[in-house]
Amino acid sequence: MATPEERITELGLTLPPVAAPVASYVPAVRSGSHVYVSGQLPFVDGKLPATGKVGAEVTPEAARELAALCALNAIAAVRSEVGELSNVVRVVKVGGFVASAPDFTGHPGVINGASDLLAQVFGEAGVHARAAVGVAALPLDSPVEVDMIVEVV
């Protein structure tokens, strides 16, 4: 069975360095058998590939891809706390936030980008509870943000 790191490579992805916080917090905190990951933006090489509201400046399809980038950054934050991703027992909960145009209601489909990537990387252990919430604005005008809680050994 492939490790989560091997699955990331098989997906044609590279685990990025942990994104630097944009305010006064740390990317992840381990408490006992859980790692709590702060909200992750879809940074690529320290920059947001898109800004604006989903349903206005950003298409739902593009936002779904951005949500996957948020999840990839969250996975990097987890790895920084636990060393190897095979130490993840289960992704317990994901919170997805979508900066939305007033009439946009497709938040679950956008956050599926993050959920689907987590399932691809962690298999059954990546299937999780979740919230997908529309908001007026996110930091740096990001279209999406994802946080999560994982159980680890």
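The following paragraphs lead through a predicted model, from its annotated domain to its sheet and then to one residue within that sheet.

The UniProt record, an unreviewed entry, lists residues 5–150 under "domain: Endoribonuclease L-PSP/chorismate mutase-like". In the model, helix accounts for 31% of this span and strand for 25%. The C-alpha atoms at the two ends of residues 5–150 are 16 Å apart.

The strands come next. An open sheet is built from five strands, arranged in the order β1-β2-β5-β3-β4, with mixed pairing. At its edges are β1 (28–31) and β4 (129–135), each of which pairs on one side only. From one strand to the next, the twist averages 15°.

Within this sheet, five bridges join strand β2 (residues 34–40) to strand β5 (residues 144–152), and the two pair in the antiparallel sense. One point of reference is V35, which stands opposite V150 in β5. A helix also accompanies these strands: α2, spanning residues 60–82, lies across β1, β2, β3 (88–99) and β5. Its direction makes an angle of about 35° with β5.

Strand β5 also contains E145, a residue that merits a separate description. E145 is buried, yet it has no salt bridge. The nearest side chain of opposite charge belongs to K53 and is 12 Å away, whereas a salt bridge requires a side-chain nitrogen of Lys or Arg within 4 Å of a carboxyl oxygen of Asp or Glu. Leaving aside residues up to four places away in sequence, E145 touches G39, Q40, L41, C70, G95, G96, F97, L138 and P139.

Technical notes:
Residues are numbered from 1 along each chain as its sequence is written. This is a predicted model: local features need pLDDT of at least 70, side-chain atom pairs count only at pLDDT 80 or more; totals for chains, interfaces and linings use all residues. Side-chain values use heavy atoms; hydrogens and water are left out. Two strands pair if DSSP finds at least two bridges between them. Helices (H or I, at least four residues) and strands (E, at least two) are DSSP runs, numbered from the N terminus. Axes are lines fitted to C-alpha atoms, for helices over the stretch in contact, and angles run from 0 to 180 degrees between N-to-C directions. Contact means heavy atoms within 4.5 Å. Buried means under 20% relative accessible area, exposed over 50%, partly exposed in between (1.4 Å probe, protein chains only). Lys and Arg count as positive and Asp and Glu as negative; His and the chain ends are not counted. UniProt positions are given in the numbering used here, feature names are shortened, and annotations may be inferred rather than shown by experiment.
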